[in-house]
Amino acid sequence: MPRLIFIVGVPGSGKSTYAKTLENDKTKVLSSDVIRRQLNHQNNDASKTQDVFEVLFKRAQDLLKRGYNVV
């Protein structure tokens, strides 16, 4: 059964760096910052937070259905 793993911490605490160590052919890493940049072309614009997390949750759901672990 695929696993969904959340990493939580203050900005700059190393969450993304740690997540990269977990990524492999069975585990995919999703990042709200990356999705925010894809949608807004900038990292610090919070105006589309709901849109960002809708995309993130959809991507996570799709990956889990395909049998991947998701961080």
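This passage describes helix α2, strand β1, a salt bridge in helix α3 and a nonpolar surface patch in a predicted model.

In helix α2, which spans residues 32-40, the buried residues include I35, R36 and N40. These residues lie on the same side of α2, because they cover an arc of only 110 degrees around the helix axis. Part of the cover over the buried residues of α2 is provided by helix α3, formed by residues 49-65. At the N-terminal end of α2, S31 acts as a cap, with a side-chain oxygen placed 3.2 Å from the backbone nitrogen of D33.

Strand β1 consists of residues 27-28 and contains T27. With a relative accessibility of 7%, T27 counts as buried, since the cut-off for a buried residue is a relative accessible area under 20%. When residues up to four places away in sequence are not counted, T27 touches L22, N69 and V71. With N69, the side chain of T27 also makes a polar contact, in which the partner is the side chain of N69 and the distance is 3.3 Å.

A search of the whole structure finds one salt bridge. In general, side chains of opposite charge can pair when their charged atoms come close. The salt bridge links D62 with K58, and the closest N and O atoms of the pair are 2.9 Å apart. Both residues belong to helix α3, where D62 and K58 are four residues apart and therefore separated by about one helical turn. As to solvent accessibility, D62 counts as partly exposed because its relative accessibility is 29%, and K58 is likewise partly exposed, with a relative accessible area of 46%.

On the surface of the model, L4, F6 and V8 make a nonpolar patch of about 380 Å². Within this patch, F6 lies in the segment that precedes helix α1, the helix formed by residues 15-22. The relative accessibility of F6 is 64%, so that F6 counts as exposed, given that the cut-off for an exposed residue is a relative accessible area over 50%. Thus F6, a member of the nonpolar patch, is exposed, whereas T27 in strand β1 is buried.

Note on methods:
Residues are numbered from 1 along each chain as its sequence is written. This is a predicted model: local features need pLDDT of at least 70, side-chain atom pairs count only at pLDDT 80 or more; totals for chains, interfaces and linings use all residues. Side-chain values use heavy atoms; hydrogens and water are left out. Patches are made of residues with over 30% relative accessible area and no salt bridge: like charges are joined within 9 Å, nonpolar side chains (Val, Leu, Ile, Met, Phe, Trp, Tyr) within 5 Å. Accessible areas come from the Shrake-Rupley method with a 1.4 Å probe; for residues, only the protein chains shown count as cover. A salt bridge is a side-chain nitrogen of Lys or Arg within 4 Å of a carboxyl oxygen of Asp or Glu. Helices (H or I, at least four residues) and strands (E, at least two) are DSSP runs, numbered from the N terminus. Buried means under 20% relative accessible area, exposed over 50%, partly exposed in between (1.4 Å probe, protein chains only). The arc is that of the directions from the helix axis to the C-beta atoms. Contact means heavy atoms within 4.5 Å. A polar contact is a pair of N or O atoms within 3.5 Å; within protein, one must be able to donate a hydrogen and the other to accept it, and residues adjacent in sequence count only if both atoms are side-chain atoms.
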